[in-house]
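Good morning, and thank you for coming. Please bring up the structure, and we shall go through its sheet, its pocket, its cores and some backbone details.

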Amino acid sequence: MSSTVSQYNSTKYNQIHIPGSIQPHGVLIALSASLEILQISDNAEEFFNQKPEDLLNQPLTYLFGASQTQALQEILDTQDDSNFLKLTLETESGERYFDVSVHKSESSIILELEATLSKTEMSFLSFRSLMGDVILQIQRTSKLNDFVALVVDKVKSITGFDRVLMYKFDDNGAGSVIAEAKLEQLSPYLGLHYPASDIPEPARQLYRRCLLRYIPNLNAHRSHLIPRNNPYTGQPLDLSNAILRSFHDCCVEYHQNMGVSALLVISLLQDQKLWGLITCHHSTPKYLVSEIRTACGFLGQIISLELGNKLINEQLDYKNKLQSSQSQFIASISSADNLIEAFAHPDPRLLDIVSANGCAVCLDNEITLVGATPNIEEVRKLIEWTQSNVDDDLFSTDSLPKIYPSAQAFKDTASGLLILRISRIRNYYILWFRPEVLQTVNWAGAPDPYLDSHQSEDTILNLSPRKSFELWQEMVRFTSPPWMQCELESALNLRNAIVGIVLTKTDELAKINLELERSNQELDSFAYAASHDLKEPLRGIHNYSNILIEDYAHLFDQEGFEYLTTLVTLTQRMDKLIDVLLRLSQLGQTELRKQPTDLNNLLSQVIKVFRASRQGENFEIRIPKTLPIIECDPILINELFSNLISNSLKYNEQAEKLLEIGYLDISQQTKQQKDIPKSVILYVQDNGIGIYDHHKEIIFRLFKRLHPKEKYGGGTGAGLAIAKKIVERHGGKIWVESTYGQGSTFFFIL
Ligand code: ADP
């Protein structure tokens with residue numbers, strides 16, 4: 001860090017561009033447009049052997065003669081923002097050479113002169129030898145980490161400073177040391193963090209404007225401008241772009257506390273923004289020839305450029321990594337038969353999708369934790385909180401405890417939260433967690449042995465890296481590393497993929513259903529044709545058998561005659577079976593004629609038929625409450641009730657057979673029935689023989705009977721199969737609940 005003001009008045013900092021003074025290793029001259037000296041630094045005598053007061057209002061030719069002044073004028077005419085040239089001063093003791101920087105500030109022209117030994121510009125060859133293969137090596141390094149390490153190393157060897165650091169600013173302006181090259185005996189600063197307030201905005205602005213800042217001796221006394229205010233503007237001269245501009249007290253104190261006497265700072269820009277700084281420290285004053293500074297300035301620009309490439313590459317690499325974790329995870333859940341099952345036992349790769357340290361998957365009330373997370377109860381409460389406070393499908397925060405104070409208790413695992421709602425109908429969520437940022441940082445901030453022997457404890461603590469680090473720690477309490485845009489996108493992509501998988505599965509199901517429906521229809525029409533065609537030869541067999549019995553009985557002996565009668569009974573039975581098949585296939589093929597049907601009327605007709613056909617039988621059919629009017633095919637529903645009532649009477653050994661027909665209110669529905677969409681559940685209940693649990697499914701299959709045909713008046717075993725088909729044609733469901741020996745209740749929903 002090159003300046004700090006956390007403890008200083010910031011208004012003072014707003015004036016750092018007009019300090020009215022410069023560093024004394026150079027001399028500053030402010031010229032009018034006609035190149036007359038308006039202001040000059042008070043150290044001018046050391047450079048020009050003339051009192052500054054004597055030089056004021058003199059033309060520049062007075063110092064440097066006509067031809068050099070003419071050369072300067074030509075440079076000024078180029079309209080460039082800043083320029084460099086060499087000037088020579090003739091003195092009694094011989095020639096003196098200066099490296100001169102020229103730029104315009106408001107209505108003045110500012111010349112900054114530093115004494116040099118050489119009269120000529122640096123040649124390309126010497127520049128080439130200074131840079132060596134640095135640029136080539138920098139370009140060849142592909143990984144950002146290797147790149148920053150190489151950069152600080154090279155800057156250290158070019159400048160010869162004791163320590164070179166690379167700082168990076170985060171989105172909030174806080175800084176951290178990401179690379180360091182140093183003398184072995186110095187304690188490390190790598191990993192050091194400091195708050196944004198350490199480099200206030202005015203200082204950042206200057207770093208953006210002047211890409212190279214050089215302070216060869218922090219302990220040197222400043223040289224003041226004479227006069228203090230510019231005669232044209234009446235204001236202090238704006239030295240924003242002056243390379244000799246003097247530095248702020250805080251900067252001096254801070255660096256002195258670090259044992260630094262010389263400083264060189266190279267700004268690193270990305271998209272016109274200050275991305276970071278390369279800062280060089282030296283424990284004693286250090287003067288760099290202008291060639292080396294020029295090389296550093298040039299290198300800074302190359303580094304900024306290369307940094308841009310590396311950052312883009314690194315971001316691409318990271319996005320690829322996220323994408324690959326995402327596709328691996330999605331592949332794992334889409335190959336799992338049951339998506340819910342896959343989420344109930346989540347793959348740890350779920351963490352990599354957004355680079356989280358922990359994750360919770362919530363499927364309604366079932367919560368599964370992966371990695372470092374708060375406990376189940378804490379997660380449950382957090383989900384409840386998000387349900388009433390978060391409306392979006394994706395929500396993220398890097399400071400959960402600040403908006404949800406209960407999270408302070410688990411800041412170590414969940415200072416950062418990213419929550420993805422998978423379903424709006426069901427409570428399906430994925431929550432990702434990140435720990436407090438402090439968990440991820442380790443800078444010991446070890447006391448520097450050199451400093452401790454030279455400084456009092458107080459100064460070290462008040463304005464020092466250690467103090468900054470503490471302040472930074474205070475500021476990042478309860479915050480996690482931020483969620484990046486690409487991580488949020490990765491989470492959203494996962495949601496889309498899950499929705500996609502669910503849709504595909506629904507699609508597949510729909511296809512299977514369609515296919516089933518088609519093959520059912522084919523089967524129905526095949527069964528219809530087959531049974532229809534079978535009827536005719538059967539009728540023939542039946543008729544001829546009857547003729548044999550009636551007209552040729554005398555030709556058979558007793559045994560032969562019995563065979564013949566069995567043949568007739570068998571044809572009758574077969575005829576009945578074929579009728580059932582025909583009925584079933586018809587049911588599958590005919591259009592439903594649905595209409596609003598009053599079940600009370602329908603049942604009174606059905607019951608009337610039963611009473612007529614079963615006179616003498618002792619049975620009662622109760623209908624406890626008026627039945628509803630429902631949308632159905634009345635003929636089929638008549639058949640359905642007939643089948644059920646017939647069975648209830650058939651499979652009943654009670655002296656008084658009791659039947660009840662009714663419907664359930666939704667409130668009466670049992671837990672199992674609650675899965676069924678809200679609709680009327682009708683039932684036919686009897687006090688008959690009952691059905692064993694293991695028979696409850698089989699009885700609905702075609703031709704399945706639980707009793708020999710002689711018992712209970714024997715049926716074909718088709719009644720319930722037809723009942724089921726009728727219910728299913730209405731899009732409904734039929735099932736039985738029964739206690740063996742006590743009776744059965746057939747429920748159905750249409
Ligand atoms: P069937 O036409 O032979 O009666 P169903 O398909 O109607 O054939 O019934 C199949 C079997 O289910 C019957 O053989 C009988 O054992 C059993 N069953 C049907 N209804 C009842 C009932 N209400 N109580 C007891 N058992 C029944």
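Ile29 stands opposite Leu111 in strand E6. This pairing comes from a predicted model, in which local features need pLDDT of at least 70, side-chain atom pairs count only at pLDDT 80 or more, and totals for chains, interfaces and linings use all residues. Residues are numbered from 1 along each chain as its sequence is written, and side-chain values use heavy atoms, with hydrogens and water left out. Helices (H or I, at least four residues) and strands (E, at least two) are DSSP runs, numbered from the N terminus.

Strand E2, residues 27-31, is joined to E6 by 5 bridges, and the two run antiparallel. Two strands pair if DSSP finds at least two bridges between them. The open sheet that results has 7 strands in the order E1-E11-E3-E2-E6-E5-E4, with antiparallel pairing. Strand E1 (21-22) and E4 stand at the edges with a single partner strand each, so one side of each has no neighbour in the sheet.

E1 is joined to strand E11, residues 223-226, by 2 bridges in the antiparallel sense, and Ile22 stands opposite Ser223 there. Strand E3, residues 37-41, also pairs with E11 over 2 antiparallel bridges; the bridge partner of Ser41 in E11 is Leu225.

I turn now to the second largest pocket. By definition, on a 1 Å grid over the protein atoms alone, a pocket is an open set of points where a 1.4 Å probe fits, with protein on both sides within 12 Å along at least five of seven lines; lining residues have an atom within 4 Å of a point. This pocket holds about 980 Å³ of space, where grid points are joined across faces, edges and corners and the volume is that filled by probe spheres set on the points.

Its lining comprises 31 residues, and those nearest the centre are Ser82, Phe84, Ser101, Leu212 and Ile243. At least two lining residues each come from strand E4 (82-91), strand E5 (94-105), strand E6 (108-116), strand E10 (212-215) and helix H10 (290-335). H10 gives the largest share, 7 residues. By character, the lining divides into 10 nonpolar, 9 polar and 12 charged residues. Here Ala, Val, Leu, Ile, Met, Phe, Trp, Tyr, Cys and Pro count as nonpolar, Asp, Glu, Lys and Arg as charged, and the others, Gly among them, as polar.

Is Ile243 buried, partly exposed or exposed? Ile243 is partly exposed, with a relative accessible area of 29%; buried means under 20%, exposed over 50%, and partly exposed in between, with a 1.4 Å probe and protein chains only. Ile243 sits in the loop between E11 and helix H9. Leaving aside neighbours within four places in sequence, Ile243 is in contact with Gln23, Ser101, Glu112, Glu114, Arg213, Tyr214 and Arg293, where contact means heavy atoms within 4.5 Å. Ile243 and Leu28 are 215 residues apart in sequence, yet 9.8 Å apart in space, C-alpha to C-alpha.

The loop between E11 and H9 (249-257) also holds Pro227. The peptide bond from Ile226 to Pro227 is cis, with omega near -15°. Most residues other than glycine have a negative phi, and most peptide bonds are trans. Two further residues merit attention on that account. Asp271 has a positive phi near 50°, and Gln272 has one near 65°. Asp271 lies in the loop between strand E12 (262-270) and strand E13 (273-282), as does Gln272. Asp271 counts as exposed at 68% relative accessibility, and Gln272 is exposed at 67%.

Next, the interior. A nonpolar core is a set of buried Ala, Val, Leu, Ile, Met, Phe, Trp, Tyr and Cys residues joined through side-chain atoms within 4.5 Å. The largest has 40 residues, with the most contacts inside it made by Leu640, Phe641 and Ile645. Helix H22, residues 634-650, gives the most to this core, with 7 residues. Another core lies apart from it and has 32 residues, including Phe127, Ile158, Ala181 and Trp275.

Not counting residues up to four places away in sequence, Ile645 touches Leu603, Val606, Phe610, Ile621, Leu659 and Ile661.

Finally, helix H23, residues 719-729, has as its buried residues Leu720, Ala721, Ile722, Ala723, Ile726 and Val727. These pack against helix H20 (558-589), H22, strand E24 (733-739) and strand E25 (743-749). Just after H23, Gly731 takes a positive phi of about 80°.
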